[in-house]
Amino acid sequence: MHTQDTPPESAEYLPERREFFRIEDRIGLDVRKLPPSGGLDENPFNDDHLETLKAEFRRLDQDIKSQLASLADQDRLLTGVVKSLNGKLDSLARIMAFQQNPLQPDDWQDVTLSEGGLAFSASPQAWQTGDRLAIRMTLPPELFQPRAVAQVLDVQADGTGGVRVHTGFIRIQDGDRQQITRHVMRWQIRQRQNE
């Protein structure tokens, strides 16, 4: 699978960095510190056994989407039924994945999220500028679980005895970045509808 490496930025450019839309959201967040000398391709979440199944699922999903385009020209009603069934299967797959690895209440955090990174709250001394982190997010309501390797760009006291950790993604697969992009766009649409 193709991944995109993004060079880390220094903390001094953080306030000026506005190339991505940011949202304030509550997501499931699992963060693990990577060793300084370790490779970026390690699997700190120990779920390699699912990668083959996930790759097959993505391949089948792509096949259905490409076939739907040609089917739409021939039969709109059948296309609608197939889209509904595909959506139903996607929902079922997400429910099953979530039930196998449920998030506890402490795993949900208020974050600032964009395609380029995220900021989250933590206890002091948990992370330092320059640390590399493996991050797994759970984005509601779809329960997508994009992953990334991020570098800590800045750590700031938040006034509550904790710190706000600002990170930038340095390795993220294109599909995971697209999931984040879609989540940000859907969040913005929901916010506009609520106004």
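The dialogue below walks through several features of a predicted model.

Me: Where should I begin, and how many helices and strands are there in the protein chain?

Reply: Begin with the inventory, and keep in mind throughout that this is a predicted model. The protein chain holds 3 helices and 7 strands, and when you read along the sequence they follow the pattern β-β-α-α-β-β-β-β-β-α. Of the 195 residues in the chain, 36% are buried, while the surface that the chain exposes comes to about 12,100 Å², with carbon and sulfur atoms supplying 53% of it.

Me: What share of the contacts in the protein chain comes from residues 24 or more positions apart?

Reply: If you take the contacts with a separation of 6 or more, residues 24 or more positions apart account for 69% of them. A single pair can serve as an illustration of distance in sequence and in space: R32 and R132 are 100 residues apart in sequence, and their C-alpha atoms are 8.7 Å apart.

Me: How should I read a helix such as α3, and which of its residues are buried?

Reply: The general idea is that an α-helix has 3.6 residues a turn, so residues three or four places apart point the same way. Helix α3 covers residues 174-194, which makes 21 residues, and from its first C-alpha to its last it reaches 30 Å, close to the 30 Å expected at 1.5 Å a residue. Its buried residues are D176, R177, Q179, I180, H183, V184, W187 and Q188, and you can look for the spacing of three or four places as you go through that list.

Me: D176 carries a charge; what is the nearest side chain of opposite charge, and how far away is it?

Reply: D176, which is found in helix α3, is buried yet has no salt bridge, and the nearest side chain of opposite charge, R147, is 6.1 Å away. For comparison, a salt bridge here needs a side-chain nitrogen of Lys or Arg within 4 Å of a carboxyl oxygen of Asp or Glu. Setting aside its neighbours within four places in sequence, D176 is in contact with Q145, P146 and R147.

Me: How many salt bridges does a search of the whole structure find?

Reply: The search finds 5 salt bridges. One of them joins D110 to R26, with the closest N and O atoms 3.4 Å apart; D110 lies in strand β3 (residues 108-114) and R26 in strand β2, so this pair ties together parts that are 84 residues apart in sequence. Both ends can be placed by their accessibility: D110 is partly exposed, with a relative accessible area of 48%, and R26 is partly exposed as well, with 40%.

Me: Which residues are linked in a network of salt bridges?

Reply: The network links D30, R32 and R136. D30 meets R32 in a salt bridge of 3.2 Å, N to O, and D30 also forms a salt bridge with R136, where the closest N and O atoms are 2.9 Å apart. Because D30 lies in strand β2 and R136 in strand β5 (residues 132-138), that second pair ties together parts that are 106 residues apart in sequence. D30 and R136 are both buried, whereas R32 counts as partly exposed at 31% relative accessibility.

Me: How can I compare residues within one helix, and is T79 in helix α2 buried or exposed?

Reply: Read the relative accessibility of each residue in turn. T79, whose place is in helix α2, counts as buried at 5% relative accessibility, and it touches L68, L71 and A72, not counting residues up to four places away in sequence. L78 also lies in helix α2, which covers residues 76-100, but L78 counts as partly exposed at 40% relative accessibility. Together with L77, V81 and L85, L78 makes a nonpolar surface patch of about 390 Å².

Me: Finally, what is the phi of Q125, and where does this residue lie?

Reply: As a general rule, most residues other than glycine have a negative phi. Phi of Q125 is near 70 degrees, which is a positive value in a residue other than glycine. Q125 lies in the loop between β4 (117-122) and β5, and at 73% relative accessibility Q125 counts as exposed.

Technical notes
Residues are numbered from 1 along each chain as its sequence is written. This is a predicted model: local features need pLDDT of at least 70, side-chain atom pairs count only at pLDDT 80 or more; totals for chains, interfaces and linings use all residues. Side-chain values use heavy atoms; hydrogens and water are left out. Helices (H or I, at least four residues) and strands (E, at least two) are DSSP runs, numbered from the N terminus. The expected span of a helix is 1.5 Å times one less than its number of residues. Buried means under 20% relative accessible area, exposed over 50%, partly exposed in between (1.4 Å probe, protein chains only). Patches are made of residues with over 30% relative accessible area and no salt bridge: like charges are joined within 9 Å, nonpolar side chains (Val, Leu, Ile, Met, Phe, Trp, Tyr) within 5 Å. Accessible areas come from the Shrake-Rupley method with a 1.4 Å probe; for residues, only the protein chains shown count as cover. Lys and Arg count as positive and Asp and Glu as negative; His and the chain ends are not counted. Contact means heavy atoms within 4.5 Å.
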